Amino acid sequence: MTLSFPNSARSYDETKMRVRFTGYDGMFEVKFFVTADVLAKGLVLRTAVERDYLDAFDKMRPKILDVAKRAYNGKRQAMVLLDLSNFR
């Protein structure tokens, strides 16, 4: 199967400072999380709010999805956390 992202929904988890989005490997749902530091380029972390992180996610979406596919194909887990190390 190939990983797909048919649902463009995403949400911000303020407690863990990350954005959640979902992918699908066939009928299996895969939860992805992108840490706020990945999205923070040009943002001041102390004053950034949910809207700022979601806008940054939307601007980076093609790159994030590409990185998500690579990370998932390497491990094939039901949950994948993407941090700065994945984007180098």
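Okay, let's start inside helix H2: Arg 51 and Asp 55 sit 4 residues apart there, so about one helical turn separates them. Their side chains meet in a salt bridge, 3.4 Å from N to O. Quick reminder before I go on: this is a predicted model.

How exposed is that pair? Arg 51 comes out partly exposed, at a relative accessible area of 45%, and Asp 55 is partly exposed too, at 30%.

Stay on H2 for a second. Asp 58 and Arg 61 are 3 residues apart in that helix, which again puts about one helical turn between them. The side chains of Asp 58 and Arg 61 form a salt bridge at 3.1 Å, N to O. Asp 58 counts as partly exposed, with 32% relative accessibility. And this one doesn't stand alone: through salt bridges with shared partners, Arg 10, Asp 58 and Arg 61 are joined into one network.

So how many salt bridges does a search of the whole structure find? The number is 5. The general idea is familiar to everyone here: side chains of opposite charge can pair when their charged atoms come close.

Now for the one I'd put on screen. Asp 25 and Arg 76 meet through their side chains in a salt bridge, 2.7 Å from N to O. Which parts does this pair tie together? Asp 25 is in strand E3, residues 18-25, while Arg 76 is in the loop between helix H2, residues 50-75, and strand E5, residues 79-82, so the link is between parts 51 residues apart in sequence.

Buried or exposed, then, for Asp 25? Buried: its relative accessible area is 8%, and since the cut-off for buried is under 20%, that label follows. Arg 76, on the other hand, is partly exposed, at 43%.

Since we're on E3, a word about its neighbour. Strand E2, residues 10-13, pairs with E3 in the antiparallel sense, over 4 bridges. If you want a residue to click on, take Asp 13, whose bridge partner in E3 is Arg 18. E2 and E3 make a hairpin, with 4 residues between them. Have a look at Met 17 in that turn: its phi is positive, about 50 degrees.

To wrap up, please keep two pictures in mind. One is the network of Arg 10, Asp 58 and Arg 61, joined by salt bridges that share partners. The other is Asp 25 in E3, paired with Arg 76 in the loop between H2 and E5. That's me done, thanks.

Note on methods: Residues numbered from 1 in each chain as written. Predicted model: local features only at pLDDT ≥ 70, side-chain atom pairs only at ≥ 80, totals over all residues. Heavy atoms only, no water. Salt bridge = Lys/Arg side-chain N within 4 Å of Asp/Glu carboxyl O. Helix = DSSP H or I, 4+ residues; strand = E, 2+ residues; numbered from the N terminus. Buried < 20%, exposed > 50% of the residue type's maximum accessible area, 1.4 Å probe, protein only. Pairing = 2+ DSSP bridges.
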